[in-house]
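Student: I have a model open and want the reasoning behind its labels. Can we go through them one by one?
Tutor: Yes. Ask why each label applies.

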Amino acid sequence: MHNEAVHIPGISHASLKGYIVGFIVSIVLTVIPFALVIYGRGAISADWIYGGLALAAVAQIVGQLHYFLHLDRSSDQTWNVQAILLTGLIVGIMVCGSLWIMTVLHSRMM
């Protein structure tokens, strides 16, 4: 039996501490939008609440990618990051295109 660690390029090895920190970050970034919506209704304008929700969502995505999928700026992760960025671009084009088509169709029906 060999107890030697094997390093495989492109695979990041995680620790229990990293998972715990990621879990705590995820919980905090989930509680913040709830607090904004529940307690910020009368005190904060709707635009600021929507902005806070969007910011928390983006931070949640980044936290999940870093702590649970172990994506970082290392050279081993370059292809994984590029694949995720391409997927985001394709999804963005599909969503924006769908909204554009629905807007044009709505304006033609009115």
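Student: Why is Tyr19 called partly exposed?
Tutor: First, a caution: this is a predicted model. The relative accessible area of Tyr19 is 36%. Buried needs under 20%, and exposed needs over 50%. Tyr19 falls in between, so the label is partly exposed.

Student: What aromatic pairs does a search of the whole structure find?
Tutor: The search finds one aromatic pair. The partners are Tyr19 and Phe68.

Student: What makes the pair of Tyr19 and Phe68 stacked?
Tutor: Two values are needed. A pair of aromatic rings is described by the distance of the centres and the angle of the planes. Here the ring centres are 6.1 Å apart, and the cut-off for a pair is 6.5 Å. The planes stand at 20°, and stacked requires under 30 degrees. Both conditions are met, so Tyr19 and Phe68 form a stacked pair.

Student: Which parts does the pair tie together?
Tutor: Tyr19 lies in helix H1, and Phe68 lies in the loop between H2 and helix H3 (78-109). These parts are 49 residues apart in sequence, so the pair links distant stretches of the sequence.

Student: Is Phe68 buried, exposed or partly exposed, and how do you know?
Tutor: Its relative accessibility is 28%. That is between 20% and 50%, so Phe68 counts as partly exposed.

Student: What elements does the chain have?
Tutor: The chain has three helices and zero strands. From the N terminus on, the order is α-α-α.

Student: Why are H1 and H2 called roughly antiparallel?
Tutor: H1 covers residues 16-39 and H2 covers residues 46-67. They pack at an angle of about 170°, with axes 10 Å apart. Angles over 145 degrees count as roughly antiparallel, so H1 and H2 get that label.

Student: Which residues make the contact of H1 with H2?
Tutor: From H1, they include Gly18, Tyr19, Gly22, Ser26, Leu29, Pro33 and Leu36. From H2, they include Ile49, Leu53, Ala56, Gln60, Gln64 and Tyr67. The residues of this contact divide into twelve nonpolar, seven polar and no charged.

Student: How do you know that the length of H1 agrees with its residue count?
Tutor: H1 has 24 residues. At 1.5 Å a residue, the expected span is 34 Å. The end C-alpha atoms are 34 Å apart, so the two values agree.

Student: Which residues of H1 are buried?
Tutor: They are Gly22, Ser26, Leu29, Pro33 and Leu36. What covers the buried residues of H1 includes H2.

Student: Take Ser26. What makes it buried?
Tutor: Ser26 has 10% relative accessibility. The limit is under 20%, so Ser26 counts as buried. Setting aside neighbours within four places in sequence, Ser26 is in contact with Gln60, Gln64 and Phe68.

Student: Why does Trp48 count as exposed?
Tutor: Trp48 sits in helix H2. Its relative accessibility is 66%, and exposed means over 50%, so Trp48 is exposed. The C-alpha atoms of Trp48 and Leu36 are separated by 9.3 Å, and these residues are twelve apart along the chain.

Student: Leu53 is also in H2. Why is Leu53 called partly exposed?
Tutor: Its relative accessibility is 28%, which lies between 20% and 50%, so Leu53 is partly exposed. Beyond neighbours within four places in sequence, Leu53 is in contact with Pro33, Leu36 and Val37. Leu53 and Leu29 are 24 residues apart in sequence, with C-alpha atoms 9.6 Å apart.

Student: What about His70? What is its phi?
Tutor: His70 has a positive phi of about 60°, although it is not a glycine. His70 is in the loop between H2 and H3. At 16% relative accessibility, His70 is under the 20% limit, so it counts as buried.

Student: How much of the chain is buried?
Tutor: Of its 110 residues, 13% count as buried.

Terms used: Residues are numbered from 1 along each chain as its sequence is written. This is a predicted model: local features need pLDDT of at least 70, side-chain atom pairs count only at pLDDT 80 or more; totals for chains, interfaces and linings use all residues. Side-chain values use heavy atoms; hydrogens and water are left out. Axes are lines fitted to C-alpha atoms, for helices over the stretch in contact, and angles run from 0 to 180 degrees between N-to-C directions. Helices (H or I, at least four residues) and strands (E, at least two) are DSSP runs, numbered from the N terminus. Angles under 35 degrees count as roughly parallel, over 145 as roughly antiparallel, 65 to 115 as roughly perpendicular and the rest as oblique. Contact means heavy atoms within 4.5 Å. Ala, Val, Leu, Ile, Met, Phe, Trp, Tyr, Cys and Pro count as nonpolar, Asp, Glu, Lys and Arg as charged, and the others, Gly among them, as polar. The expected span of a helix is 1.5 Å times one less than its number of residues. Buried means under 20% relative accessible area, exposed over 50%, partly exposed in between (1.4 Å probe, protein chains only). Rings of Phe, Tyr and Trp (its six-membered ring) pair if their centres lie within 6.5 Å; planes under 30 degrees apart count as stacked, over 60 as edge-to-face and the rest as tilted.
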